[in-house]
Amino acid sequence: MGSRLFTAQEVIVRREILDGREWMVYPVRVVEDTGDLLAVYLAQGTPLTFGTGPFRWGPHPWTAFEPYWHSEGVLQLQRPGDGYSVWARYSGATLSGWYVNFQEPMRRTERGFDTLDQELDLLIPADGSPYSWKDEDHFADRHRSGGFTDTQAAAVRRAAASVVELVERGTGWWEGWRHWRAPEHWAVPGAVPLAR
């Protein structure tokens with residue numbers, strides 16, 4: 001299941017799975033899929049669909065906002081087995097920086113891929129300024145409250161240490177995507193319904 005490679009420009013589904021159910025679902029457009037790297041684009045205005053019913057972490061925090069991606073579009077880069085993805089963030093046509101989103105390693109499905117955000121993020125400015133952490137307190141609170149097991153929290157910290165090592169050595173594999181920009185003619189995909 002979920003072993004096929006996706007085709008460039010194909011619209012696929014990124015799902016966050018919590019408690020075995022869809023917590024948040026949205027469409028992304030495939031930029032490239034080599035098997036070793038899946039690059040997808042999340043367009044500004046993309047509709048977000050949220051799971052309903054009780055979740056151990058409560059409703060997705062983005063349910064407090066209008067249900068679409070408000071920020072400029074982002075390129076999301078993920079590799080099999082990595083406990084993170086790297087998002088290219090833009091200000092107009094300029095790359096403003098890399099946003100490292102620590103998450104469960106992606107699991108391919110027939111429609112796209114599944115993961116789960118794990119709170120912690122690393123911000124790497126495109127101009128070489130020092131990196132900074134985001135949501136360290138949320139990550140610590142989630143761990144303290146039992147939202148992450150000790151094993152899960154340790155895996156996130158290992159992934160974070162591996163990324164910091166790449167950044168400090170100047171060997172970030174994502175740098176090869178520095179000059180990529182989304183084609184202007186790409187339309188915003190339609191909403192994805194929850195699985196039945």
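Buried residues make up 48% of the 196 residues in this chain. Keep in mind that you're looking at a predicted model. One strand, S5, is a good place to see burial up close, since five of its five residues are buried. We'll start with the whole chain, then zoom in on that strand, and finish with two residues that have an unusual backbone angle.

**The whole chain**

- The chain has eleven strands and two helices. If you walk along the sequence, you pass through β-β-β-β-β-β-β-β-β-β-β-α-α, with the strands before the helices.
- The radius of gyration is 16 Å, close to the 16 Å that the globule rule gives for 196 residues, so the chain is as compact as a globular protein of that length.
- Along its principal axes, the C-alpha trace spans about 40 × 35 × 35 Å.
- Take the contacts between residues at least 6 apart in sequence: 56% of them join residues at least 24 apart.

**Surface and charge**

- About 9800 Å² of the chain is exposed, and carbon and sulfur atoms supply 53% of that area.
- The chain carries 20 positive and 26 negative charges. The mean positions of these two sets are 4 Å apart.

**Strand S5, wrapped up by its surroundings**

- S5 covers residues 74-78, and because five of its five residues are buried, the strand is largely enclosed by the rest of the structure.
- Here's a handy rule: in a regular strand, side chains alternate between the two faces of the sheet.
- In S5, Val 74, Gln 76 and Gln 78 sit on one side, while Leu 75 and Leu 77 sit on the other. Both faces are covered, with these residues all buried.

**Who pairs with S5?**

- Strand S3 (residues 38-42) is joined to S5 by five bridges, and the two run antiparallel. Look for Ala 39, whose bridge partner in S5 is Leu 77.
- Strand S6 (residues 84-91) is also antiparallel to S5, with four bridges joining them. Leu 77 turns up again here, standing opposite Val 86 in S6.
- S5 and S6 form a hairpin with five residues between them. In the turn you'll find Gly 81, which has a positive phi of about 90 degrees.

**A closer look at Gln 76**

- Gln 76 belongs to strand S5. With a relative accessible area of 0%, which is under the 20% cut-off, Gln 76 counts as buried.
- What is Gln 76 in contact with, leaving aside its neighbours within four places in sequence? The list is Arg 14, Tyr 26, Val 28, Leu 38, Ala 39, Val 40, Leu 42, Val 86 and Trp 87.
- Some of those names fit the pairing picture: Ala 39 has its bridge partner in S5, and Val 86 is in S6.

**Two residues with a positive phi**

- Most residues other than glycine have a negative phi, and that's why exceptions are worth a look.
- Gln 9 is one exception, with phi near 75 degrees. You'll find Gln 9 in the segment before strand S1 (11-18). Its relative accessible area is 45%, so Gln 9 is partly exposed.
- Asp 19 isn't a glycine either, yet its phi is positive at about 60 degrees. Asp 19 lies in the loop between S1 and strand S2 (21-33). With a relative accessible area of 35%, Asp 19 is partly exposed.

Conventions:
Residues are numbered from 1 along each chain as its sequence is written. This is a predicted model: local features need pLDDT of at least 70, side-chain atom pairs count only at pLDDT 80 or more; totals for chains, interfaces and linings use all residues. Side-chain values use heavy atoms; hydrogens and water are left out. The radius of gyration is taken over C-alpha atoms; the globule rule is 2.2 Å times the number of residues to the power 0.38. Buried means under 20% relative accessible area, exposed over 50%, partly exposed in between (1.4 Å probe, protein chains only). Contact means heavy atoms within 4.5 Å. Accessible areas come from the Shrake-Rupley method with a 1.4 Å probe; for residues, only the protein chains shown count as cover. Lys and Arg count as positive and Asp and Glu as negative; His and the chain ends are not counted. The place of a charge is taken as NZ of Lys, CZ of Arg, CG of Asp or CD of Glu. Two strands pair if DSSP finds at least two bridges between them.
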